[in-house]
Amino acid sequence: MPIFNQSIRRKIVGIALGLIVLMLVTSILSMVMSSQVGVLLDELTNRYIPAYGDLARANIRSLERSVALRRMVMMKMQEAPDEEAYAARLKEFEEADRKIEAETSDARGHINAIIDDTRTPSDNAALARIDTRIETAVTELRQGMNEAHAKLLKQIDAKQMPEARGTLEHLDALRDQFNQRIDGIRADMLKQVYASTSTVVSRQRKAIIISGIVTILAAVVGFAFALLVSSGITRPVRLLLAGTREVEAGRFDKPITVSTQDEIGELAAAFNRMIEQLRHNERIRETFGRYIDPKVVQGLIDRPEVAIDGQRRVMTIMFCDMSGFTSMSEGMTPRGLVKVMNHYFTVMSAPVRSHRGVIDKYIGDAIMAYWGPPFIEEDEPALFACYAAIEMADQVPALQKQLPDLLGIRAMPGPCDLRIGIATGEVLTGSIGSELMMSFTVMGDAVNLASRLEMVNKVYGTRILISQATADAIGSNLELREIDRLAVAGQNVPQAIFEVMSKVHGLSVPQESLRTRYSEGLAAYRAQRFDDARAAFNAALEAVPGDGPSRTLLARIAQFESDPPGEEWDGAWRLEQK
């Protein structure tokens, strides 16, 4: 066994050394070729392109000198020659002349530097011809310009204007001849720039191809060495790999066989102990997951301090109850009742969990759930809660059809529906209970308000009622209708309650009319304009016959007509009056 271990170690070291050598070769080749490309790029950037730019500027300087010369002539041709302006133009002329010399000299310097640099491939013969042509053009320009310029000054001083114009035209011809020569030289120089650019691109492409070949070679050699090492791996390692894949897939019921006593055998034994512990933990998780929401279980495992310390957080709470359950359950057998309730809870729990909610508990036929940290790090818990409520309400027609089949009857003894209350506010989260039994839950006014709103649905004939804070958090993301102002026992200030009608832009034309007429009626009702309120609520009922809130407030108006509310009435409904 030690020999085998040394063999594996030797192969692994061989792979490492081989890859290191190939990496070094690749790096050295890349460095060499990159340096060559760098030299070419440096020559292109610092010599070819500047030389071309110098020639272009020489053309411009020639034009500037011609302009300065014409201005000199203009100063002398005036009736009263302006000697000071003439001197200034003369200075400009001489400066432009000097710049022509400087630009052409710089261009020749760059070209000679290219010729002298033996590290780069260049057409030295063509560059030498360009250098000679520049020198010839400048020399001939200098000779012709000096003679003509001296002649022009004499003619101007002698007031020989016709002769001066001829000399000036001759100077323009010399300038044009010089510019044409420089243009020709620039064209040839541009060809050399293009040739140098092509050389750089070619070298760069070659460097990429060679680097790719060496890299592929390194990969092939490394793969070959890996095959050599894998051929020495024994059966326990293959079994260990298969066992690891089973664990990765979530299957912990297949221990591997320990067939050796070496390090691999010890690893296999440790692996078997690990999957036994994982199997045990998974059984615990599955067991508790049936009694506690999986998010809570995972959260308590990942962050146990949350359960111990408790925290105050803003959360959204939901209570959901099934109306008509009591009368329906009276005639059921215990087994049938459990079957119906399990199906009901399964159907209604799915939207809560699909919208990232946490189911806190089942209370009889009611569901309590909440949205918010520490288990749900989202910015819009109120919106998710309302989405879940809408989806739960959408499940009611299908549930009403399924319940008779579950019970083995033709029709339900009475109607069943949902009542959902949602409130948002600060609550206390943590483990609450005794030393013998704890429950991770939420407590606070928002919990009580959500429970009250669920019950208040029965008063107004609605399905989903939400608090003012929840409506503010939702904004314009859902279609809401303000139902009333509710004064809950223990709270001094009444707050508005809203009905969730649909998702945004989901209202039909009658529902839009209902919301508008109801809003008008509610405003008149609060102002004690009961005749206007009655008319608006009746119009709402014409839009949607059977609307519960409209019928409720019409009944309340009828009661107020026989027993007026008094001057201190604030338009709110006291829950304790229920």
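How many cavities of 30 Å³ or more does the structure hold? The structure, a predicted model, holds one.

**Figure 1. The largest cavity and its lining.** The space inside the largest cavity amounts to about 50 Å³. Its lining consists of Ser62, Arg65, Ser66, Leu69, Phe93, Met145, Leu171, Asp172 and Arg175. Two helices, α1 and α4 (161-231), each supply at least two residues of this lining. Helix α1 gives the most, with four residues.

**Figure 2. A nonpolar surface patch that includes Leu17.** Leu17, Ile20, Leu24, Ile28 and Val32 together make a nonpolar patch of about 460 Å² on the surface. Leu17 belongs to helix α1, which covers residues 2-77. Helix α1 also appears in the preceding view, where four of its residues line the largest cavity.

**Figure 3. The second largest pocket.** The volume of this pocket is about 350 Å³. Its lining counts 19 residues, and those nearest the centre of the pocket are Arg463, Glu499, Val500, Met501 and Gln511. Two or more lining residues come from each of α11 (381-394), β8 (495-503), α15 (509-526) and α17 (548-562). Strand β8 makes the greatest contribution to the lining of this pocket, with four residues.

**Figure 4. The salt bridge between Arg463 and Asp417.** The closest N and O atoms of Arg463 and Asp417 are 3.0 Å apart. This pair links distant parts of the chain, 46 residues apart: Arg463 sits in the loop between α13 (445-460) and β6 (464-466), and Asp417 in strand β4 (residues 417-433). Arg463 has a relative accessible area of 30% and is therefore partly exposed. Asp417 is likewise partly exposed, at 26% relative accessibility. Arg463 is also one of the residues nearest the centre of the second largest pocket.

**Figure 5. The salt bridge between Arg481 and Glu499.** The side chains of Arg481 and Glu499 meet at an N to O distance of 2.6 Å. Arg481 is in strand β7 (residues 478-487) and Glu499 is in strand β8, so the salt bridge ties together parts of the chain 18 residues apart in sequence. Arg481 is buried, because its relative accessible area is 2%. Glu499 is buried too, with a relative accessible area of 14%. Glu499 is also among the residues nearest the centre of the second largest pocket.

**Figure 6. The salt bridge between Asp531 and Arg534.** In this pair the closest N and O atoms are 3.2 Å apart. Both Asp531 and Arg534 belong to helix α16 (residues 530-543), where they are three residues apart, about one turn of the helix. Asp531 has a relative accessibility of 57%, so this residue counts as exposed. Arg534, at 25% relative accessibility, counts as partly exposed.

**Figure 7. A salt-bridge network of Asp321, Arg419 and Glu454.** Salt bridges with shared partners join Asp321, Arg419 and Glu454 into one network. Over the whole structure, the search finds 14 salt bridges.

**Figure 8. The cysteines Cys320 and Cys386.** Cys320 counts as buried, because its relative accessibility is 0%. Cys386 is also buried, with a relative accessible area of 0%. A disulfide is a covalent bond between the sulfur atoms of two cysteines. The search of the whole structure finds zero disulfides.

Conventions:
Residues numbered from 1 in each chain as written. Predicted model: local features only at pLDDT ≥ 70, side-chain atom pairs only at ≥ 80, totals over all residues. Heavy atoms only, no water. Disulfide = S-S within 2.5 Å. Buried < 20%, exposed > 50% of the residue type's maximum accessible area, 1.4 Å probe, protein only. Patch = residues over 30% accessible without salt bridge, like charges linked within 9 Å, V, L, I, M, F, W, Y side chains within 5 Å. Areas by Shrake-Rupley, 256 points an atom, 1.4 Å probe, with all protein chains shown as cover. Salt bridge = Lys/Arg side-chain N within 4 Å of Asp/Glu carboxyl O. 1 Å grid on protein atoms, 1.4 Å probe; cavity = no way out; pocket = protein on both sides within 12 Å on 5 of 7 lines; lining within 4 Å. Points joined across faces, edges and corners; volume = space filled by probe spheres on them.
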